[in-house]
Amino acid sequence: CSDVHVLTCIGDQDDGESLLRSSLKPNVTLTSLKRPGTPTTRKRRFVEADYLRKLFELYLMDDSVITGALEKSFVDAIDELAPQYDVVIVTDFGHGLLSPRARDALQTKSRFLSVNAQSNSANHGFNLITKYRRADYLCIDAPEARLAVADAHKEIELIASKELPSRIDCSRVIVTHGRQGCVTFDREHGVSRIPAFTRRAIDTMGAGDAFLAVTSPLVKAGGDMGLVGFIGNAVGAIKVGIVGHRSSVDRVALLKYLTTLLK
C-alpha cells in the first residue's frame, strides 16, 4: 500500500505520541486527536519470563464514549479522509472512540469498508459486530462471531454464511478460528475452510489484527476469498511467532513464507 493514514485518539496524560510516530513506516501518516484528562489506552501484560506465559493484564484507559467537540472533530476527520482512500479499515476495540455518529460516518463515507469489532476482557462482550449495519468485508474471530449471533453451538460455516449476513449487509466474511484455520464466505462462491499453517504459537496477540490488515486490500482488489484466507492464515502463522509487537509482518517475510508453503 503506497499511502496509509491512521486516524485515532490518544490521551493527554503521558500520551506516548513520540513512540507511536517513531514506530510508523515511511508510507504511514498519523492523525491523533487528543482527549483531555485521560490516559492513552494502554494494555500491560505480565508474563512468566521463561516460557512467556501470560499471567494477567492491566488496562489503563477511559472507555467512556467520546462526545462534544472531540466527537465532532473525529467525525469531521472521517468525513474528510474516508472518501480519499480505496479501503477504510475499522479496528473497533470497544474503548469509546467509535461513537454511533462515528460509525455512521464510516458506513456512509467509505468507498470500501472493512470492519473488525473485538470482544475482549475490557468490553465484556458488549462490543458486537452487529453495531454496524453494513460493510464490504467483515473479519472477526469465532468467539466474536458466536457472541454476535448469540449461538454457542452452531457450525462456524453456518454462522459465517447465514447468520452474520442476515444481520449485516455484507457479502464477504472471514471468521478466524485459531488452530482450525479460518472460514471464508462470499455470496458468489459460498463457504471455504482454510487450514492453519502452524501448531506452535509463541504469542497470539495481534494475529487477528495482522490478518485483517493484510487481507482487507486483497478483498478490495477482488481476490478469491479462498486465496485471501490462505494468505491471511500465513500472516497469522508468522505473527504468532512474534512476541508482542516487537516487529510487524512485512511483505518480504510474507512472500518468503508463502513460497515455502507452495514448494
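Analyst: Let's start with pairing: two strands pair if DSSP finds at least two bridges between them. Strands (E, at least two residues) and helices (H or I, at least four) are DSSP runs, numbered from the N terminus. This is a predicted model, so local features need pLDDT of at least 70 and side-chain atom pairs count only at pLDDT 80 or more, while totals for chains, interfaces and linings use all residues. Residues are numbered from 1 along each chain as its sequence is written, and side-chain values use heavy atoms, with hydrogens and water left out.

User: Okay, pairing in practice. How many bridges hold strand 7 and strand 8 in the parallel sense?

Analyst: Four bridges, with strand 8 spanning residues 172–176. To see the register, look at Asp141, which sits opposite Thr176 of strand 8. Strand 6 (residues 113–117) also runs parallel to strand 7, joined by two bridges. On that side, Val115 has Leu138 of strand 7 as its bridge partner.

User: And which strand joins strand 6 over five bridges?

Analyst: That's strand 5, again parallel. Val88 has its bridge partner, Leu113, in strand 6.

User: In what order do the six strands of the open sheet come?

Analyst: Read it as 5-6-7-8-9-10, with mixed pairing. Strand 5 (88–92) and strand 10 (190–194) are at the edges; each has a single partner strand, so one side of each lacks a neighbour in the sheet. From one strand to the next, the twist averages 15°. Angles like that run from 0 to 180 degrees between N-to-C directions, on axes fitted to C-alpha atoms, for helices over the stretch in contact.

User: Next, burial. Why is strand 7 largely enclosed by the rest of the structure?

Analyst: The cut-offs come from relative accessible area: buried is under 20%, exposed is over 50%, and partly exposed is in between (1.4 Å probe, protein chains only). In strand 7 (residues 137–141), four of the five residues are buried, so the rest of the structure largely encloses the strand.

User: Which strands does helix 5 lie across?

Analyst: Helix 5 (residues 156–167) lies across strands 7, 8, 9 (182–186) and 10, and runs at about 35° to strand 9. Contact, by the way, means heavy atoms within 4.5 Å.

User: Moving to the surface, which residues make the nonpolar patch?

Analyst: Patch members have over 30% relative accessible area and no salt bridge; like charges are joined within 9 Å, nonpolar side chains (Val, Leu, Ile, Met, Phe, Trp, Tyr) within 5 Å. Areas come from the Shrake-Rupley method with a 1.4 Å probe, and for residues only the protein chains shown count as cover. The patch covers about 430 Å² and consists of Phe46, Leu55, Phe56, Leu58 and Leu60. Strand 4 (residues 53–60) gives the largest share, four residues. Phe46 belongs to strand 3 (residues 42–48), and with 32% relative accessibility it counts as partly exposed.

User: What about charges: how many salt bridges does the structure hold?

Analyst: Side chains of opposite charge can pair when their charged atoms come close. The criterion is a side-chain nitrogen of Lys or Arg within 4 Å of a carboxyl oxygen of Asp or Glu. The structure holds 15 salt bridges.

One of them joins Lys34 to Glu17, with the closest N and O atoms 3.9 Å apart. It links distant parts of the chain, 17 residues apart: Lys34 is in strand 2 (residues 28–39) and Glu17 in helix 1 (residues 17–22). Lys34 is partly exposed at 41%, whereas Glu17 is buried at 18%.

User: Where do Asp203 and Lys54 lie?

Analyst: Their side chains meet in a salt bridge at 3.3 Å, N to O. Asp203 is in the loop between strand 10 and helix 6 (207–220), and Lys54 is in strand 4, so the pair ties together parts 149 residues apart in sequence. Asp203 counts as buried at 10% relative accessibility, while Lys54 is partly exposed at 40%. Salt bridges can also share partners: Asp151, Lys154, Glu163 and Arg167 are joined into one network that way.

User: One loop to finish. Which residues is Pro83 in contact with, leaving aside neighbours within four places in sequence?

Analyst: Ile78, Lys109 and Arg111. Pro83 sits in the loop between helix 2 (68–81) and strand 5, and is partly exposed at 35%. Its C-alpha atom is 9.2 Å from that of Phe112, 29 residues apart along the chain.
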